[in-house]
Amino acid sequence: MLIAYWIVAGILALAYVAAGGMKVVQPRAKLAAAGLAWAPDFPAWSVKAIGA
């Protein structure tokens with residue numbers, strides 16, 4: 001059971017890193033086009049900080 005926990009935790013960690021990295025790397029216009037409708041409402045530094 002402990003091994004299953006670590007596998008699930010690792011998969012979730014990778015998902016969070018991927019989502020944050022997407023916010024850090026991509027411009028706001030591309031994020032908005034991808035479905036993040038809130039991205040244009042915030043300054044670029046704020047979106048980058050949320051991703052980081």
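Rings of Phe, Tyr and Trp count as a pair if their centres lie within 6.5 Å. Planes over 60 degrees apart make the pair edge-to-face. The model used here is predicted.

**Exercise 1. Find how many aromatic pairs the structure holds, and classify the one formed by Tyr5 and Trp6.**

Step 1. A search of the whole structure gives 2 aromatic pairs.
Step 2. Take Tyr5 and Trp6: their ring centres are 5.4 Å apart. The limit is 6.5 Å.
Step 3. Their planes meet at 70°, so this pair is edge-to-face.
Step 4. Check the surroundings: Tyr5 and Trp6 are both exposed.

**Exercise 2. Classify the pair of Trp38 and Phe42, then state how accessible each residue is.**

Step 1. From centre to centre, the rings of Trp38 and Phe42 span 5.7 Å.
Step 2. The angle between the planes is 75°, and the pair is edge-to-face.
Step 3. Partly exposed lies between 20% and 50% relative accessible area. Trp38 has 26%, so Trp38 is partly exposed. Phe42 has 36%, so Phe42 is partly exposed too.

**Exercise 3. Decide whether the protein chain is a compact globule or more spread out.**

Step 1. List the elements: the chain has 3 helices and 0 strands, in the order α-α-α from the N terminus.
Step 2. Compare radii: the radius of gyration is 14 Å, well over the 10 Å from the globule rule for 52 residues, so the chain is more spread out than a compact globule.
Step 3. Add the box: the C-alpha atoms fill roughly 45 × 20 × 15 Å along the principal axes.
Step 4. Add burial: buried residues make up 15% of the 52.

Key
Residues numbered from 1 in each chain as written. Predicted model: local features only at pLDDT ≥ 70, side-chain atom pairs only at ≥ 80, totals over all residues. Heavy atoms only, no water. Phe/Tyr/Trp six-rings, centres within 6.5 Å; stacked < 30°, edge-to-face > 60°. Buried < 20%, exposed > 50% of the residue type's maximum accessible area, 1.4 Å probe, protein only. Helix = DSSP H or I, 4+ residues; strand = E, 2+ residues; numbered from the N terminus. Rg over C-alpha atoms; globule rule 2.2 N^0.38 Å.
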